[in-house]
Amino acid sequence: MMETIFALILVFVGAIFIFRLRLFFLRKNLKLIIFAFKKDKNAKKGGITPFKAFAASLGGSVGTGNIAGVAGAIIIGGPGTVIWIFISSIFSTIIKYIEIFLSIRMRTAKGENFGSITYIARAFPKSGKFLSLIYAILTALTAFGIGNAVQANTISDSVISMFSSAFIMTDKAIIVIKVLTGAIFAFMLFISLKGGENRIFSLLSIIVPIMSVLYVCAGLIVIFSNLDALLPTLKFIITDAFSTAKPAAAGVLSFAFIKKASLGLTRGIFSNEAGLGSSAIAHANSTASDPVKEGALGILEVFIDTVVICGITAFTILVSGVAIPYADAGASTSVIAANAFASVFGIIPSNIFLTVSIIFFAFSSMLSWAYYGFLGIKYAFGRKFIKYYRLAFCAVAMLGATVEATFVWEASNFLNLLMTVPNCLALFALFNIVKRDTDFFFSLEKKRGRTYNSKREKLLYRKQY
């Protein structure tokens, strides 16, 4: 229920923003993405490059939700949920753009910036400092859930599934694996986080691109190996997405339209983290100088996370012909995803590959969210408390690997919802600035055929910031 409320709020917010920007996102997404890759001549030297900020933000969103979350959505809601996961990206795109735009536009000239924490403080002259303090604390707490315990729990489940494919597992052995997995990752986190901001961003800029490419390539191999099933699968997905009939062909249990839509939108938005303001924190101290250019990276983040990686997971499962236990909420999502890859690569290699993928995706999310939590703690209580938060973060990773998944997910959804409220209020309060500056950017492009055609226009644009 909490997930559905969270998703509906963000769909509503995204729809309003799309309408107020006159649907330009549906027309100029590609142009903005191309612009994001152009060299920023006014970028600062040293520090966090836009690519590293992009990798950190993508690393925070690309996690277990892209594999286990998508597989779970198909099991519970049917194949039609895939379409609604894709539809969620339309609303997420505009929200991410605005969040990252404001993280650059509203940052202060001196000192460290805190992204969404900073623009929340500046959005409300009277209550901004109080709201930003609450939001900073919520960021630190949310990092324990979506960015830590959820990821650790999925890692331990995946490791257990991998060993179960080769050995008979007793209850005692499962407990031992969970404890060892938690301990190992707590130690890995401690070593990685002890290196500070530079080590976190350096690791993410390596892990995220490599694992994303490997996972997409492996999924494409499965899809192309079952190419004859692709068109029928696509047709079935589209038909099922808008179906309200109870019985479905081939004995597959059909699901109500509302259930499919709400589940698909929820899983899609949970995957890309739009509305939480986390991406704004990742980009806050980027060397980028242009809010529109940096905001365009948010569009690419949503596309890679929700359309590409979630799409690869969904189509790999559906075209492989693997048996899907529809409506079985207790089914292992890791096993189903592994079986899909096993249709081409074999069961043991597939289990190993999927486990490694989940480990690296989840670990990248943990690193990103640890950084968000550090900034939240630093803003609320000061730098000296970061070392205590780091220890607590590592301890939660060990605990998250051993507790029941239901509790972990429910607690995370509740914290996500709380974090969304002050962030979305700030987005509404500052939206006129986003609209004015974005319209000005495109007016220059339309007038001259390309941005910054003259020194005068460039000066006019820079004065906005």
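The exercises below work through a predicted model of a single chain, each with a stepwise solution.

**Exercise 1. Determine which secondary structure elements the chain holds, and how far the model's confidence extends.**

Solution. Begin with the elements: the chain has 19 helices and 0 strands. Next, take the confidence, where pLDDT averages 83 over the chain and 86% of the residues score at least 70. Then look for the weak stretches, among them residues 246-255, where pLDDT stays under 50 and the model has 17 contacts beyond four places in sequence, and residues 449-454, where pLDDT also stays under 50 and the model has 12 such contacts.

**Exercise 2. Describe how the chain is buried and how its nonpolar core is built.**

Solution. Of the 465 residues in the chain, 58% are buried. Turning to contacts with a separation of 6 or more, 85% of them join residues 24 or more positions apart. The largest nonpolar core contains 129 residues, and those with the most contacts inside it are Ile98, Leu102, Tyr119, Leu189 and Phe393. Helix H15 (residues 347-381) gives the most to this core, contributing 16 residues. As a final step, follow one of these core residues outward: leaving aside residues up to four places away in sequence, Leu102 touches Arg107, Tyr119, Leu427, Leu430 and Val434.

**Exercise 3. Check whether the end-to-end distance of helix H3 agrees or disagrees with its residue count, and establish which of its residues are buried.**

Solution. Helix H3 covers residues 50-61, which is 12 residues. At 1.5 Å a residue these should span 16 Å, and because the end C-alpha atoms are 17 Å apart, the two values agree. For burial, 9 of the 12 residues of H3 are buried, leaving the helix mostly covered. The buried residues are Ala53, Phe54, Ala55, Ala56, Ser57, Leu58, Gly59, Gly60 and Ser61.

**Exercise 4. Repeat the length check for helix H14, then identify what its buried residues pack against and what follows the helix.**

Solution. Helix H14 runs over residues 333-345, and its 13 residues should span 18 Å at 1.5 Å a residue; its end C-alpha atoms are 18 Å apart, so the check agrees. The buried residues of H14 are Thr333, Ser334, Ile336, Ala337, Ala338, Ala340, Phe341 and Ala342. These buried residues pack against helix H4 (68-77), helix H7 (128-164), helix H9 (196-225), helix H13 (291-319) and H15. After H14 comes Gly346, which has a positive phi near 95°.

**Exercise 5. Locate Glu273 and Asp437, and decide for each whether it is buried or exposed.**

Solution. Glu273 lies in the loop between helix H11 (257-272) and helix H12 (278-283). Although Glu273 is not a glycine, its phi is positive, at about 65°. Its relative accessible area is 3%, and because buried means under 20%, Glu273 counts as buried. Asp437, by contrast in location, belongs to helix H18 (residues 431-448). With a relative accessible area of 0%, Asp437 is therefore buried by the same cut-off. The side chain of Asp437 makes a polar contact of 3.0 Å with the side chain of Arg436.

**Exercise 6. Count the disulfides in the model, and classify Cys310 and Cys394 by burial.**

Solution. A disulfide requires a pair of cysteine sulfur atoms within 2.5 Å, and by this rule the count is 0 disulfides. Cys310 has 2% relative accessibility and so counts as buried. Cys394, with a relative accessible area of 6%, is buried as well.

Conventions. Residues numbered from 1 in each chain as written. Predicted model: local features only at pLDDT ≥ 70, side-chain atom pairs only at ≥ 80, totals over all residues. Heavy atoms only, no water. Buried < 20%, exposed > 50% of the residue type's maximum accessible area, 1.4 Å probe, protein only. Helix = DSSP H or I, 4+ residues; strand = E, 2+ residues; numbered from the N terminus. Polar contact = N/O pair within 3.5 Å; in protein donor to acceptor, adjacent residues only side chain to side chain. pLDDT = per-residue confidence, 0-100. Contact = heavy atoms within 4.5 Å. Core = buried A, V, L, I, M, F, W, Y, C linked by side-chain atoms within 4.5 Å. Expected span 1.5 Å × (residues − 1).
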